[in-house]
Amino acid sequence: MIKKTPKQLKAKLWKVFSEYIRRRDSGTCFTCGKQMDWKEAHAGHYIPRSVGGLDLYFDSRNVNCQCPGCNVFRHGNLTIYALRLQEKYGKDILQTLDKLKGVNKWTRQDYETRIEDYKRKLEKLNVIS
């Protein structure tokens, strides 16, 4: 059996994680409320992928369902995103997420564990991936 590279594992984790986020949120945009099929939705980050590191990249508090308009054309619609995060998780969530910023090194096992974890979470949503 050929072992997958960390890059391949990251892509596999993103696929299952992103699907979980979009299904968890039932295709409803976190920032504008637009309803869409989960397959059309994006999994949008509050703290961008380029800054957050792996821990934030795959943190389900930092990633929520967004319509393409909010995620791409409104660059995340971050002012409203911040307000919604505080409504959902409490006033300290922005500071909590900010403290998690950084470059994180994950092992193959870290990726594989998270892949299995999000597969189980999808199963609990009663969906077949």
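**A walk through the core, the rings and two odd loop residues**

Let's start with Asn64, which is found in strand 2, the stretch covering residues 63-66. Keep in mind as you look around that this is a predicted model. Asn64 is buried, and its relative accessible area is 0%. What does Asn64 touch, leaving aside residues up to four places away in sequence? The list runs through Ile21, Arg24, Asp25, Phe30, His42, Ala43, Gly44, Tyr81, Leu85 and Lys88.

One of those neighbours, Leu85, leads us to a core. Leu85 is included in a nonpolar core of 9 residues, along with Ile47, Leu56 and Ala82 among others, and this is a second core, separate from the largest one. Leu56 also belongs to the buried residues of helix 2 (residues 49-57), which are Gly52, Gly53, Leu54, Leu56 and Tyr57. Those buried helix 2 residues have plenty of company: they pack against helix 1, strand 1, strand 2, helix 5 (93-99) and helix 6 (108-124).

Now for the largest nonpolar core, which has 17 residues. Helix 1, helix 2 and helix 6 are the elements that each give it two or more residues, and helix 1 gives the most, with 7. As a rule, nonpolar side chains in soluble globular proteins tend to be buried together. Which residues have the most contacts inside this core? They are Leu13, Phe17 and Phe58. Take Phe58: setting aside residues up to four places away in sequence, Phe58 touches Lys10, Leu13, Trp14, Phe17, Trp106 and Tyr118.

That brings us to the aromatic rings. The structure holds 11 aromatic pairs. In one of them, the rings of Phe17 and Phe58 have centres 5.4 Å apart and planes at 80 degrees; over 60 degrees counts as edge-to-face, so that is what this pair is. The pair links distant parts of the chain, with Phe17 in helix 1 and Phe58 in the loop between helix 2 and strand 2, 41 residues apart. Both Phe17 and Phe58 are buried.

Another pair is formed by Tyr20 and Tyr118, whose ring centres are 5.3 Å apart; their planes are at 55 degrees, so this pair is tilted. Because Tyr20 lies in helix 1 and Tyr118 in helix 6, the pair ties together parts that are 98 residues apart in sequence. Tyr20 counts as buried at 13% relative accessibility, and Tyr118 counts as buried too, at 7%.

Zoom out a little and these rings join up. Ring pairs link Trp14, Phe17, Tyr20, Tyr57, Phe58, Trp106, Tyr111 and Tyr118 into a cluster. Charged side chains come into the picture here as well: Lys10 lies over the face of Tyr57, 4.8 Å from the ring centre, while Arg114 lies over the face of Trp106, 3.9 Å from the ring centre.

Last stop, a couple of loops with backbone quirks. Ser26 sits in the loop between helix 1 (6-24) and strand 1 (42-45). Ser26 is not a glycine, yet its phi is positive, at about 55 degrees. Is Ser26 buried or partly exposed? At 47% relative accessibility, Ser26 counts as partly exposed. His75, in the loop between helix 3 (68-73) and helix 4 (78-89), is another residue other than glycine with a positive phi, near 50 degrees. His75 has a relative accessibility of 64%, so it counts as exposed.

Terms used: Residues numbered from 1 in each chain as written. Predicted model: local features only at pLDDT ≥ 70, side-chain atom pairs only at ≥ 80, totals over all residues. Heavy atoms only, no water. Helix = DSSP H or I, 4+ residues; strand = E, 2+ residues; numbered from the N terminus. Buried < 20%, exposed > 50% of the residue type's maximum accessible area, 1.4 Å probe, protein only. Contact = heavy atoms within 4.5 Å. Phe/Tyr/Trp six-rings, centres within 6.5 Å; stacked < 30°, edge-to-face > 60°. Lys NZ or Arg CZ within 6 Å of the ring centre and 35° of its normal. Core = buried A, V, L, I, M, F, W, Y, C linked by side-chain atoms within 4.5 Å.
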